[in-house]
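This report describes a structure through its ligands, its chain contact and selected backbone features. The sequence and the model are shown first.

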Amino acid sequence: MAKAGSNLNLDGQGNPVWLLLELTYKCPLKCAFCSNPTDLDAHQDELTTAEWKKVMHDARNMGAMQIGFSGGEPTLRKDLEELVAEANDLGYYTNLITSGIGLTRKRLENLKKAGLRHIQLGFQSSDPQTAHWLAGVDCYEKKINMAREIKALGFPMVLNVPISSLNIHQVPDIISLAADIGVEYLELANVQYYNWALVNRDQLMPTREALIAAEAQVAEAREQLGDSMTIFFVIPDYYEGRPKACMNGWGSIHLTIAPDGVVLPCSQARSLPGLDFPGVRDHDLASIWHESESFNLYRGDSWMKEPCRSCSEKEQDFGGCRCQAMLLTGDAANADPACSKSPHHHIVQDAVASALASKQDHSRLIARDVGWVPTEM
Amino acid sequence: MADSNNHNSLARFSIAPVFMFRWEESQQAHVLMYPEGIVKLNPTAGEILTRCNGANTVEDIVHQLSELFCEQPEFIEPRVHQFLEVCHGKGWIQPQS
Ligand SMILES: C[S@@+](CC[C@H](N)C(=O)[O-])C[C@H]1O[C@@H](n2cnc3c(N)ncnc32)[C@H](O)[C@@H]1O
Ligand code: SF4
Ligand code: SF4
(Lines give C-alpha, C1' and ligand atoms only; values in the text may rest on other atoms or scores of the structure.)
(Ligands and ions follow the chains in the order given, each with its own letter.)
Protein backbone atom coordinates (compact mmCIF):
# COMPACT_ATOMS: atom_id res chain seq x y z
CA MET A 1 0.00 0.00 0.00
CA ALA A 2 1.21 3.49 -0.72
CA LYS A 3 1.45 4.36 2.92
CA ALA A 4 2.21 7.77 4.23
CA GLY A 5 5.24 8.08 6.46
CA SER A 6 6.12 5.03 8.52
CA ASN A 7 7.08 5.63 12.11
CA LEU A 8 10.69 5.11 12.70
CA ASN A 9 13.48 6.91 14.37
CA LEU A 10 16.24 5.24 12.39
CA ASP A 11 17.06 5.51 8.76
CA GLY A 12 17.93 2.59 6.56
CA GLN A 13 21.34 4.13 5.89
CA GLY A 14 20.61 3.59 2.23
CA ASN A 15 19.13 0.14 2.77
CA PRO A 16 15.56 -1.16 2.87
CA VAL A 17 13.92 -1.51 6.28
CA TRP A 18 10.43 -2.69 5.24
CA LEU A 19 9.89 -5.66 2.99
CA LEU A 20 6.43 -6.28 1.56
CA LEU A 21 5.83 -9.62 -0.12
CA GLU A 22 2.80 -9.74 -2.36
CA LEU A 23 2.59 -13.51 -2.39
CA THR A 24 -0.21 -13.71 -4.95
CA TYR A 25 -2.58 -11.37 -6.76
CA LYS A 26 -5.37 -13.94 -6.52
CA CYS A 27 -8.19 -13.17 -4.14
CA PRO A 28 -11.57 -14.59 -3.04
CA LEU A 29 -12.98 -11.05 -2.78
CA LYS A 30 -13.62 -8.45 -5.49
CA CYS A 31 -13.24 -5.15 -3.66
CA ALA A 32 -14.25 -2.17 -5.74
CA PHE A 33 -11.55 -0.11 -3.99
CA CYS A 34 -8.77 -2.66 -4.47
CA SER A 35 -5.37 -1.15 -5.17
CA ASN A 36 -4.09 -4.28 -6.95
CA PRO A 37 -3.29 -3.95 -10.67
CA THR A 38 -6.24 -4.03 -13.06
CA ASP A 39 -4.34 -6.12 -15.64
CA LEU A 40 -3.45 -9.00 -13.33
CA ASP A 41 -3.50 -11.79 -15.82
CA ALA A 42 -0.18 -10.60 -17.19
CA HIS A 43 1.68 -11.41 -13.96
CA GLN A 44 0.34 -14.67 -12.57
CA ASP A 45 3.57 -16.67 -12.57
CA GLU A 46 4.15 -16.74 -8.81
CA LEU A 47 7.51 -17.29 -7.13
CA THR A 48 8.06 -20.70 -5.58
CA THR A 49 8.56 -21.29 -1.87
CA ALA A 50 12.33 -21.52 -2.36
CA GLU A 51 12.37 -18.29 -4.35
CA TRP A 52 10.44 -16.40 -1.64
CA LYS A 53 12.83 -17.71 0.99
CA LYS A 54 15.79 -16.44 -0.97
CA VAL A 55 14.17 -13.00 -1.24
CA MET A 56 13.70 -12.92 2.54
CA HIS A 57 17.32 -13.93 3.15
CA ASP A 58 18.69 -11.40 0.72
CA ALA A 59 16.60 -8.51 2.07
CA ARG A 60 17.48 -9.43 5.65
CA ASN A 61 21.17 -9.34 4.70
CA MET A 62 20.59 -5.87 3.34
CA GLY A 63 19.12 -4.74 6.69
CA ALA A 64 15.34 -5.21 6.31
CA MET A 65 13.65 -5.80 9.69
CA GLN A 66 9.92 -5.60 9.09
CA ILE A 67 8.14 -7.99 6.78
CA GLY A 68 4.55 -7.93 5.53
CA PHE A 69 2.85 -10.86 3.81
CA SER A 70 0.17 -9.42 1.58
CA GLY A 71 -1.36 -9.78 -1.86
CA GLY A 72 -4.06 -10.39 -3.20
CA GLU A 73 -4.94 -12.81 -0.48
CA PRO A 74 -1.76 -14.26 1.09
CA THR A 75 -3.63 -17.10 2.81
CA LEU A 76 -4.27 -18.64 -0.62
CA ARG A 77 -0.63 -19.71 -0.55
CA LYS A 78 -0.39 -23.12 1.12
CA ASP A 79 3.21 -22.35 2.09
CA LEU A 80 2.31 -19.22 4.10
CA GLU A 81 3.04 -20.91 7.43
CA GLU A 82 6.41 -22.11 6.15
CA LEU A 83 7.33 -18.66 4.87
CA VAL A 84 6.31 -16.98 8.14
CA ALA A 85 8.43 -19.46 10.11
CA GLU A 86 11.41 -18.73 7.91
CA ALA A 87 10.93 -14.96 8.29
CA ASN A 88 10.67 -15.30 12.04
CA ASP A 89 13.86 -17.38 12.18
CA LEU A 90 15.62 -14.71 10.18
CA GLY A 91 14.67 -12.10 12.80
CA TYR A 92 11.95 -10.19 10.98
CA TYR A 93 8.96 -8.67 12.73
CA THR A 94 6.24 -10.58 10.88
CA ASN A 95 2.92 -9.01 9.80
CA LEU A 96 0.12 -10.80 7.96
CA ILE A 97 -2.07 -8.53 5.85
CA THR A 98 -5.23 -10.47 5.08
CA SER A 99 -8.93 -10.22 4.35
CA GLY A 100 -9.44 -13.11 6.78
CA ILE A 101 -11.02 -15.24 4.09
CA GLY A 102 -8.95 -18.39 3.83
CA LEU A 103 -8.03 -18.38 7.51
CA THR A 104 -9.25 -21.03 9.92
CA ARG A 105 -8.69 -21.57 13.62
CA LYS A 106 -6.22 -24.32 12.73
CA ARG A 107 -4.22 -22.14 10.35
CA LEU A 108 -4.13 -19.32 12.88
CA GLU A 109 -2.76 -21.70 15.50
CA ASN A 110 -0.10 -22.86 13.08
CA LEU A 111 0.79 -19.28 12.17
CA LYS A 112 1.14 -18.52 15.85
CA LYS A 113 3.50 -21.48 16.19
CA ALA A 114 5.42 -20.28 13.17
CA GLY A 115 6.10 -17.03 15.01
CA LEU A 116 3.62 -14.64 13.40
CA ARG A 117 3.64 -11.44 15.48
CA HIS A 118 0.82 -9.36 14.13
CA ILE A 119 -2.24 -9.41 11.88
CA GLN A 120 -3.79 -6.62 9.83
CA LEU A 121 -7.35 -7.56 8.93
CA GLY A 122 -9.01 -5.76 6.03
CA PHE A 123 -12.61 -4.87 6.81
CA GLN A 124 -15.29 -3.17 4.73
CA SER A 125 -18.15 -2.12 6.91
CA SER A 126 -20.08 -2.60 10.16
CA ASP A 127 -23.12 -3.43 8.04
CA PRO A 128 -23.26 -6.79 6.19
CA GLN A 129 -25.07 -5.32 3.18
CA THR A 130 -22.55 -2.49 2.69
CA ALA A 131 -19.70 -4.96 3.16
CA HIS A 132 -21.19 -7.08 0.40
CA TRP A 133 -21.48 -4.08 -1.96
CA LEU A 134 -17.86 -3.09 -1.34
CA ALA A 135 -16.29 -6.57 -1.38
CA GLY A 136 -18.46 -7.91 -4.19
CA VAL A 137 -18.93 -11.08 -2.15
CA ASP A 138 -20.87 -11.90 1.00
CA CYS A 139 -18.13 -12.13 3.63
CA TYR A 140 -19.20 -10.19 6.72
CA GLU A 141 -19.94 -13.12 9.05
CA LYS A 142 -16.77 -14.93 8.15
CA LYS A 143 -14.67 -11.81 8.80
CA ILE A 144 -16.23 -11.13 12.18
CA ASN A 145 -15.66 -14.73 13.18
CA MET A 146 -12.05 -14.58 12.09
CA ALA A 147 -11.50 -11.29 13.90
CA ARG A 148 -12.72 -12.93 17.11
CA GLU A 149 -10.55 -16.02 16.56
CA ILE A 150 -7.52 -13.81 15.98
CA LYS A 151 -8.13 -12.04 19.28
CA ALA A 152 -8.89 -15.32 21.09
CA LEU A 153 -5.42 -16.52 20.09
CA GLY A 154 -3.92 -13.35 21.50
CA PHE A 155 -2.57 -11.83 18.30
CA PRO A 156 -2.18 -8.07 18.31
CA MET A 157 -4.40 -6.82 15.49
CA VAL A 158 -5.00 -3.78 13.34
CA LEU A 159 -8.38 -3.50 11.69
CA ASN A 160 -7.90 -1.75 8.36
CA VAL A 161 -11.10 -0.22 7.01
CA PRO A 162 -10.76 1.60 3.69
CA ILE A 163 -13.09 4.59 4.01
CA SER A 164 -15.23 5.73 1.10
CA SER A 165 -18.58 7.40 0.50
CA LEU A 166 -20.27 4.05 1.11
CA ASN A 167 -19.13 3.57 4.70
CA ILE A 168 -18.03 6.99 5.96
CA HIS A 169 -21.36 7.57 7.71
CA GLN A 170 -20.81 4.30 9.60
CA VAL A 171 -17.63 5.49 11.33
CA PRO A 172 -19.15 5.47 14.86
CA ASP A 173 -20.53 1.94 14.30
CA ILE A 174 -17.21 0.76 12.90
CA ILE A 175 -15.42 2.14 15.97
CA SER A 176 -17.88 0.40 18.32
CA LEU A 177 -17.48 -2.87 16.47
CA ALA A 178 -13.68 -2.63 16.62
CA ALA A 179 -13.83 -1.87 20.35
CA ASP A 180 -16.18 -4.81 20.87
CA ILE A 181 -13.81 -7.18 19.05
CA GLY A 182 -10.98 -5.79 21.15
CA VAL A 183 -8.55 -4.60 18.49
CA GLU A 184 -5.65 -2.43 19.67
CA TYR A 185 -5.51 -0.30 16.57
CA LEU A 186 -8.15 0.81 14.09
CA GLU A 187 -6.97 2.28 10.82
CA LEU A 188 -9.71 4.20 9.06
CA ALA A 189 -7.74 4.31 5.83
CA ASN A 190 -9.05 6.79 3.33
CA VAL A 191 -9.27 5.01 0.01
CA GLN A 192 -6.34 5.97 -2.18
CA TYR A 193 -7.17 6.22 -5.81
CA TYR A 194 -5.08 3.68 -7.65
CA ASN A 195 -6.20 0.88 -9.96
CA TRP A 196 -9.73 -0.35 -9.07
CA ALA A 197 -10.24 2.56 -6.72
CA LEU A 198 -9.37 4.97 -9.53
CA VAL A 199 -11.83 3.17 -11.82
CA ASN A 200 -14.50 3.72 -9.13
CA ARG A 201 -13.37 7.14 -7.94
CA ASP A 202 -16.59 9.01 -8.67
CA GLN A 203 -18.51 6.45 -6.68
CA LEU A 204 -16.09 6.12 -3.77
CA MET A 205 -14.97 9.65 -2.97
CA PRO A 206 -16.67 11.05 0.13
CA THR A 207 -17.62 14.70 0.45
CA ARG A 208 -15.63 17.16 2.52
CA GLU A 209 -18.61 17.51 4.88
CA ALA A 210 -18.72 13.75 5.46
CA LEU A 211 -14.98 13.73 6.21
CA ILE A 212 -15.24 16.58 8.67
CA ALA A 213 -18.15 14.87 10.42
CA ALA A 214 -16.17 11.63 10.61
CA GLU A 215 -13.14 13.46 11.97
CA ALA A 216 -15.25 14.87 14.81
CA GLN A 217 -16.73 11.43 15.54
CA VAL A 218 -13.23 9.97 15.68
CA ALA A 219 -12.11 12.70 18.09
CA GLU A 220 -15.08 11.99 20.34
CA ALA A 221 -14.40 8.25 20.30
CA ARG A 222 -10.73 8.79 21.11
CA GLU A 223 -11.79 10.75 24.16
CA GLN A 224 -14.16 8.01 25.30
CA LEU A 225 -11.92 5.04 24.61
CA GLY A 226 -8.73 6.49 26.01
CA ASP A 227 -5.74 4.19 25.66
CA SER A 228 -7.67 1.01 24.99
CA MET A 229 -7.71 1.53 21.23
CA THR A 230 -5.72 3.79 18.94
CA ILE A 231 -7.67 5.16 15.97
CA PHE A 232 -5.81 6.34 12.92
CA PHE A 233 -7.66 8.76 10.67
CA VAL A 234 -6.45 11.64 8.53
CA ILE A 235 -8.25 13.90 6.09
CA PRO A 236 -7.12 12.59 2.68
CA ASP A 237 -4.66 14.40 0.45
CA TYR A 238 -7.36 15.30 -2.08
CA TYR A 239 -9.00 17.63 0.40
CA GLU A 240 -6.00 18.73 2.43
CA GLY A 241 -4.02 20.21 -0.44
CA ARG A 242 -1.03 18.47 1.14
CA PRO A 243 0.59 15.47 -0.52
CA LYS A 244 1.42 12.37 1.48
CA ALA A 245 5.07 11.60 2.25
CA CYS A 246 4.69 8.56 0.06
CA MET A 247 6.83 5.57 1.12
CA ASN A 248 9.21 7.92 2.95
CA GLY A 249 10.60 8.69 -0.48
CA TRP A 250 11.17 6.49 -3.52
CA GLY A 251 13.69 3.70 -2.91
CA SER A 252 14.38 5.01 0.59
CA ILE A 253 13.29 2.29 3.05
CA HIS A 254 10.48 0.33 1.33
CA LEU A 255 10.92 -2.71 -0.87
CA THR A 256 7.95 -4.53 -2.43
CA ILE A 257 8.15 -7.85 -4.25
CA ALA A 258 5.26 -8.60 -6.62
CA PRO A 259 3.96 -12.20 -6.96
CA ASP A 260 6.14 -12.84 -10.02
CA GLY A 261 9.28 -11.55 -8.32
CA VAL A 262 9.28 -8.07 -9.84
CA VAL A 263 10.92 -5.64 -7.41
CA LEU A 264 9.12 -2.35 -6.78
CA PRO A 265 9.63 0.77 -4.64
CA CYS A 266 5.90 0.50 -3.83
CA SER A 267 3.00 -1.75 -4.88
CA GLN A 268 1.54 0.91 -7.15
CA ALA A 269 4.75 1.62 -9.08
CA ARG A 270 4.08 -1.23 -11.46
CA SER A 271 1.43 0.91 -13.11
CA LEU A 272 3.98 3.57 -14.13
CA PRO A 273 4.34 3.28 -17.90
CA GLY A 274 7.77 3.26 -19.50
CA LEU A 275 9.53 1.93 -16.41
CA ASP A 276 11.00 -1.52 -16.60
CA PHE A 277 11.24 -3.06 -13.14
CA PRO A 278 13.71 -5.93 -12.83
CA GLY A 279 12.77 -9.17 -11.09
CA VAL A 280 14.57 -11.43 -8.60
CA ARG A 281 14.52 -14.28 -11.09
CA ASP A 282 16.98 -12.42 -13.31
CA HIS A 283 18.88 -10.11 -10.98
CA ASP A 284 20.36 -9.96 -7.52
CA LEU A 285 18.11 -8.14 -5.04
CA ALA A 286 20.83 -5.86 -3.68
CA SER A 287 21.93 -4.81 -7.14
CA ILE A 288 18.32 -4.03 -8.10
CA TRP A 289 17.93 -1.87 -5.00
CA HIS A 290 21.23 -0.05 -5.35
CA GLU A 291 21.90 0.05 -9.07
CA SER A 292 18.76 -0.41 -11.14
CA GLU A 293 17.61 2.54 -13.19
CA SER A 294 14.06 2.25 -11.89
CA PHE A 295 15.09 2.50 -8.23
CA ASN A 296 17.46 5.39 -8.83
CA LEU A 297 15.13 7.41 -11.03
CA TYR A 298 13.23 9.18 -8.23
CA ARG A 299 15.63 8.68 -5.36
CA GLY A 300 16.72 11.76 -3.46
CA ASP A 301 15.58 15.04 -4.99
CA SER A 302 17.73 15.70 -8.05
CA TRP A 303 14.88 14.52 -10.32
CA MET A 304 12.50 17.17 -9.00
CA LYS A 305 11.00 19.92 -11.10
CA GLU A 306 9.54 23.18 -9.89
CA PRO A 307 7.73 23.89 -7.63
CA CYS A 308 9.21 20.99 -5.61
CA ARG A 309 12.84 21.71 -6.47
CA SER A 310 12.94 24.98 -4.56
CA CYS A 311 10.26 24.13 -2.01
CA SER A 312 11.03 24.14 1.70
CA GLU A 313 8.81 21.09 2.26
CA LYS A 314 10.57 18.71 -0.09
CA GLU A 315 12.43 16.97 2.70
CA GLN A 316 9.20 16.27 4.56
CA ASP A 317 6.97 15.04 1.75
CA PHE A 318 9.47 14.12 -1.01
CA GLY A 319 7.16 15.77 -3.55
CA GLY A 320 4.32 13.37 -2.71
CA CYS A 321 3.42 10.23 -4.61
CA ARG A 322 5.12 9.53 -7.96
CA CYS A 323 2.33 7.21 -9.03
CA GLN A 324 -0.35 9.79 -8.36
CA ALA A 325 1.71 12.39 -10.26
CA MET A 326 1.94 10.00 -13.21
CA LEU A 327 -1.68 8.88 -13.17
CA LEU A 328 -3.08 12.39 -12.97
CA THR A 329 -0.54 14.64 -14.71
CA GLY A 330 1.14 12.20 -17.09
CA ASP A 331 4.63 12.76 -15.66
CA ALA A 332 5.83 11.05 -12.49
CA ALA A 333 8.47 13.79 -11.97
CA ASN A 334 5.81 16.46 -11.52
CA ALA A 335 4.76 17.51 -8.03
CA ASP A 336 1.96 15.30 -6.73
CA PRO A 337 -1.16 17.18 -7.89
CA ALA A 338 -2.68 16.73 -4.43
CA CYS A 339 -0.31 19.58 -3.45
CA SER A 340 -1.94 23.01 -3.58
CA LYS A 341 1.33 24.41 -4.97
CA SER A 342 1.24 22.06 -7.96
CA PRO A 343 0.29 23.73 -11.27
CA HIS A 344 -1.85 20.61 -11.81
CA HIS A 345 -3.75 20.89 -8.54
CA HIS A 346 -6.90 21.75 -10.51
CA ILE A 347 -6.97 18.12 -11.71
CA VAL A 348 -7.53 16.97 -8.14
CA GLN A 349 -10.08 19.71 -7.58
CA ASP A 350 -11.86 18.61 -10.75
CA ALA A 351 -11.89 15.01 -9.51
CA VAL A 352 -13.53 16.17 -6.29
CA ALA A 353 -16.09 18.19 -8.26
CA SER A 354 -16.77 15.25 -10.56
CA ALA A 355 -17.43 12.93 -7.61
CA LEU A 356 -19.71 15.55 -6.06
CA ALA A 357 -21.69 15.84 -9.28
CA SER A 358 -22.00 12.07 -9.67
CA LYS A 359 -25.00 10.16 -8.55
CA GLN A 360 -23.36 7.89 -6.00
CA ASP A 361 -25.07 4.54 -5.88
CA HIS A 362 -23.65 1.17 -4.90
CA SER A 363 -25.10 -0.43 -8.02
CA ARG A 364 -22.67 1.61 -10.10
CA LEU A 365 -19.57 0.16 -8.43
CA ILE A 366 -17.38 -1.86 -10.74
CA ALA A 367 -16.15 -4.96 -8.89
CA ARG A 368 -12.58 -6.11 -9.27
CA ASP A 369 -13.07 -8.90 -11.78
CA VAL A 370 -9.64 -10.39 -12.31
CA GLY A 371 -7.75 -12.96 -10.27
CA TRP A 372 -10.90 -14.08 -8.45
CA VAL A 373 -10.86 -17.53 -6.93
CA PRO A 374 -14.01 -18.96 -5.37
CA THR A 375 -13.59 -20.05 -1.75
CA GLU A 376 -15.96 -21.59 0.73
CA MET A 377 -17.14 -19.06 3.27
CA MET B 1 7.48 15.39 35.31
CA ALA B 2 5.89 12.43 37.04
CA ASP B 3 7.39 11.16 40.28
CA SER B 4 10.29 9.06 39.10
CA ASN B 5 9.96 6.70 42.05
CA ASN B 6 6.48 5.61 41.10
CA HIS B 7 7.75 2.20 40.25
CA ASN B 8 8.44 -0.04 43.16
CA SER B 9 12.07 -1.16 43.23
CA LEU B 10 10.90 -4.74 43.45
CA ALA B 11 8.70 -4.54 40.36
CA ARG B 12 9.59 -6.75 37.41
CA PHE B 13 8.98 -5.69 33.86
CA SER B 14 8.84 -7.54 30.56
CA ILE B 15 8.57 -6.37 26.96
CA ALA B 16 4.91 -6.01 25.93
CA PRO B 17 3.82 -8.75 23.51
CA VAL B 18 3.16 -6.43 20.55
CA PHE B 19 6.81 -5.44 20.57
CA MET B 20 9.83 -7.34 19.46
CA PHE B 21 13.08 -6.29 21.07
CA ARG B 22 16.46 -7.45 19.87
CA TRP B 23 19.95 -6.55 18.77
CA GLU B 24 20.13 -5.49 15.12
CA GLU B 25 23.51 -6.08 13.57
CA SER B 26 22.96 -3.79 10.59
CA GLN B 27 22.18 -0.86 12.89
CA GLN B 28 24.71 -1.80 15.59
CA ALA B 29 21.99 -1.10 18.12
CA HIS B 30 19.08 -2.62 19.98
CA VAL B 31 15.78 -2.07 18.21
CA LEU B 32 12.19 -2.26 19.33
CA MET B 33 9.80 -3.22 16.56
CA TYR B 34 6.04 -2.94 16.43
CA PRO B 35 3.49 -3.14 13.62
CA GLU B 36 3.82 0.43 12.42
CA GLY B 37 7.39 1.23 13.27
CA ILE B 38 10.85 0.63 14.63
CA VAL B 39 12.65 2.43 17.42
CA LYS B 40 16.44 2.40 17.52
CA LEU B 41 17.66 2.58 21.09
CA ASN B 42 20.75 4.25 22.45
CA PRO B 43 23.18 1.95 24.29
CA THR B 44 21.92 2.71 27.81
CA ALA B 45 18.28 2.26 26.82
CA GLY B 46 19.23 -1.00 25.11
CA GLU B 47 20.96 -2.27 28.25
CA ILE B 48 17.97 -1.44 30.43
CA LEU B 49 15.42 -3.06 28.12
CA THR B 50 17.59 -6.16 27.73
CA ARG B 51 17.12 -6.62 31.45
CA CYS B 52 13.34 -6.23 31.31
CA ASN B 53 12.92 -9.96 30.98
CA GLY B 54 10.37 -10.58 33.67
CA ALA B 55 13.04 -11.94 36.03
CA ASN B 56 15.05 -8.89 37.07
CA THR B 57 13.58 -6.47 39.57
CA VAL B 58 14.12 -2.76 39.03
CA GLU B 59 16.62 -2.93 41.85
CA ASP B 60 18.54 -5.69 40.05
CA ILE B 61 18.65 -3.57 36.93
CA VAL B 62 20.01 -0.59 38.86
CA HIS B 63 22.79 -2.71 40.34
CA GLN B 64 23.71 -4.36 37.07
CA LEU B 65 23.85 -1.02 35.29
CA SER B 66 25.90 0.66 37.94
CA GLU B 67 28.46 -2.12 37.57
CA LEU B 68 28.31 -2.02 33.79
CA PHE B 69 28.84 1.74 33.59
CA CYS B 70 31.02 2.05 36.73
CA GLU B 71 28.67 4.56 38.33
CA GLN B 72 27.21 4.82 41.83
CA PRO B 73 23.76 3.19 42.23
CA GLU B 74 22.52 6.55 43.60
CA PHE B 75 23.39 8.12 40.26
CA ILE B 76 21.88 5.32 38.16
CA GLU B 77 18.68 4.74 40.12
CA PRO B 78 16.65 7.85 39.26
CA ARG B 79 17.67 7.52 35.61
CA VAL B 80 16.53 3.90 35.40
CA HIS B 81 13.26 4.75 37.10
CA GLN B 82 12.67 7.65 34.78
CA PHE B 83 13.40 5.61 31.67
CA LEU B 84 11.16 2.74 32.80
CA GLU B 85 8.42 5.27 33.43
CA VAL B 86 8.72 6.53 29.87
CA CYS B 87 8.77 2.96 28.50
CA HIS B 88 5.72 2.03 30.51
CA GLY B 89 3.94 5.16 29.30
CA LYS B 90 4.68 4.22 25.70
CA GLY B 91 3.42 0.70 26.29
CA TRP B 92 6.79 -0.88 25.52
CA ILE B 93 6.98 -2.76 28.80
CA GLN B 94 4.47 -4.21 31.22
CA PRO B 95 4.75 -5.09 34.91
CA GLN B 96 4.73 -8.77 35.79
CA SER B 97 1.90 -9.67 38.09
C1 LIG C 1 -4.46 -4.81 -1.24
S2 LIG C 1 -4.87 -5.47 0.32
C3 LIG C 1 -4.13 -7.10 0.26
C4 LIG C 1 -4.36 -7.93 1.50
C5 LIG C 1 -5.75 -8.52 1.73
N6 LIG C 1 -6.36 -9.01 0.54
C7 LIG C 1 -6.64 -7.49 2.39
O8 LIG C 1 -7.50 -6.95 1.71
O9 LIG C 1 -6.47 -7.26 3.58
C10 LIG C 1 -3.81 -4.61 1.47
C11 LIG C 1 -4.48 -3.58 2.38
O12 LIG C 1 -4.80 -2.44 1.62
C13 LIG C 1 -6.11 -1.99 1.91
N14 LIG C 1 -6.55 -1.36 0.67
C15 LIG C 1 -6.87 -1.96 -0.48
N16 LIG C 1 -7.15 -1.05 -1.43
C17 LIG C 1 -6.98 0.17 -0.87
C18 LIG C 1 -7.09 1.53 -1.35
N19 LIG C 1 -7.44 1.80 -2.61
N20 LIG C 1 -6.83 2.54 -0.49
C21 LIG C 1 -6.48 2.28 0.79
N22 LIG C 1 -6.36 1.03 1.30
C23 LIG C 1 -6.60 -0.01 0.48
C24 LIG C 1 -6.85 -3.24 2.34
O25 LIG C 1 -7.92 -2.96 3.21
C26 LIG C 1 -5.77 -4.03 3.04
O27 LIG C 1 -5.70 -3.69 4.40
S1 SF4 D 1 -9.95 -7.48 -3.55
FE2 SF4 D 1 -10.13 -6.78 -1.41
S3 SF4 D 1 -9.49 -8.53 -0.22
FE4 SF4 D 1 -8.74 -8.87 -2.32
S5 SF4 D 1 -6.66 -8.00 -2.42
FE6 SF4 D 1 -8.03 -6.39 -3.00
S7 SF4 D 1 -8.45 -5.29 -1.08
FE8 SF4 D 1 -7.63 -7.29 -0.50
S1 SF4 E 1 5.68 21.74 -4.05
FE2 SF4 E 1 6.48 19.65 -4.04
S3 SF4 E 1 7.87 19.55 -2.26
FE4 SF4 E 1 6.61 21.44 -2.05
S5 SF4 E 1 4.88 20.82 -0.74
FE6 SF4 E 1 4.23 20.53 -2.88
S7 SF4 E 1 4.73 18.39 -3.40
FE8 SF4 E 1 5.86 18.91 -1.51
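## Backbone features of chain A

Pro307(A) is found in the loop between α12 (293-297) and α13 (314-317) of chain A. The peptide bond that joins Glu306(A) to Pro307(A) is cis, with omega at about 5 degrees. The model is predicted, and local features are reported for it only where pLDDT is at least 70.

A second backbone feature concerns Met247(A), a residue other than glycine whose phi is positive, near 55 degrees. Met247(A) sits in the loop between α10 (237-240) and β9 (254-257) of chain A.

## The shell around ligand 1

Ligand 1 is surrounded by 20 residues, and the closest are Phe33(A), Gly72(A), Gln120(A), Asn160(A) and Gln192(A). By class, the shell consists of 7 nonpolar, 12 polar and 1 charged residues. Four strands of chain A, namely β3 (66-71), β4 (93-98), β5 (118-122) and β6 (157-163), each supply at least two residues of this shell.

Oxygen atoms of ligand 1 face polar atoms of the protein at the distances tabulated here.

| Residue | Polar atom of the residue | Distance to an oxygen atom of ligand 1 |
|---|---|---|
| Gln120(A) | side chain | 2.9 Å |
| Asn160(A) | side chain | 2.9 Å |
| Ser99(A) | backbone | 3.5 Å |

Taken alone, ligand 1 exposes 540 Å², and 91% of that is buried by the protein.

## The shell around ligand 2

The residues around ligand 2 are Cys27(A), Leu29(A), Cys31(A), Phe33(A), Cys34(A), Asn36(A), Gly72(A), Ser99(A) and Arg368(A). They divide into 5 nonpolar, 3 polar and 1 charged. Phe33(A) and Gly72(A) belong to this list and are also among the closest residues to ligand 1. Ser99(A) likewise lies around ligand 2, while a polar backbone atom of Ser99(A) is 3.5 Å from an oxygen atom of ligand 1.

## The contact between chain A and chain B

The size of an interface is often given as the accessible area lost when the parts come together. Between chain A and chain B the buried area is about 1,700 Å², and carbon and sulfur atoms give 51% of it. Chain A brings 23 residues to the contact and chain B brings 17 residues.

How many salt bridges are counted between chain A and chain B? The count is 1 salt bridge. In it Arg60(A) pairs with Glu24(B), and the closest N and O atoms are 2.7 Å apart. Polar contacts link 6 residue pairs across the two chains, with both residues at pLDDT 80 or more. On the side of chain A that touches chain B, the elements giving two or more residues are β1 (7-8) and β4 of chain A. That side of chain A comprises 9 nonpolar, 10 polar and 4 charged residues. Strand β4 of chain A thus appears in two settings, as it also supplies at least two residues of the shell around ligand 1.

## Salt bridges

Over all chains, the structure holds 22 salt bridges. One salt bridge joins the side chains of Arg281(A) and Glu51(A), at 2.9 Å from N to O. This pair links distant parts of the chain, 230 residues apart. Arg281(A) is in the loop between β10 (263-264) and α11 (285-291) of chain A, whereas Glu51(A) is in helix α1 (residues 49-62) of chain A.

Technical notes
Residues numbered from 1 in each chain as written. Chains lettered and ligands numbered in written order. Heavy atoms only, no water. Near = heavy atom within 4 Å. Polar contact = N/O pair within 3.5 Å; in protein donor to acceptor, adjacent residues only side chain to side chain. Areas by Shrake-Rupley, 256 points an atom, 1.4 Å probe, with all protein chains shown as cover. Nonpolar A, V, L, I, M, F, W, Y, C, P; charged D, E, K, R; others polar. Contact = heavy atoms within 4.5 Å. Buried area = accessible area lost by both parts, 1.4 Å probe. Salt bridge = Lys/Arg side-chain N within 4 Å of Asp/Glu carboxyl O.
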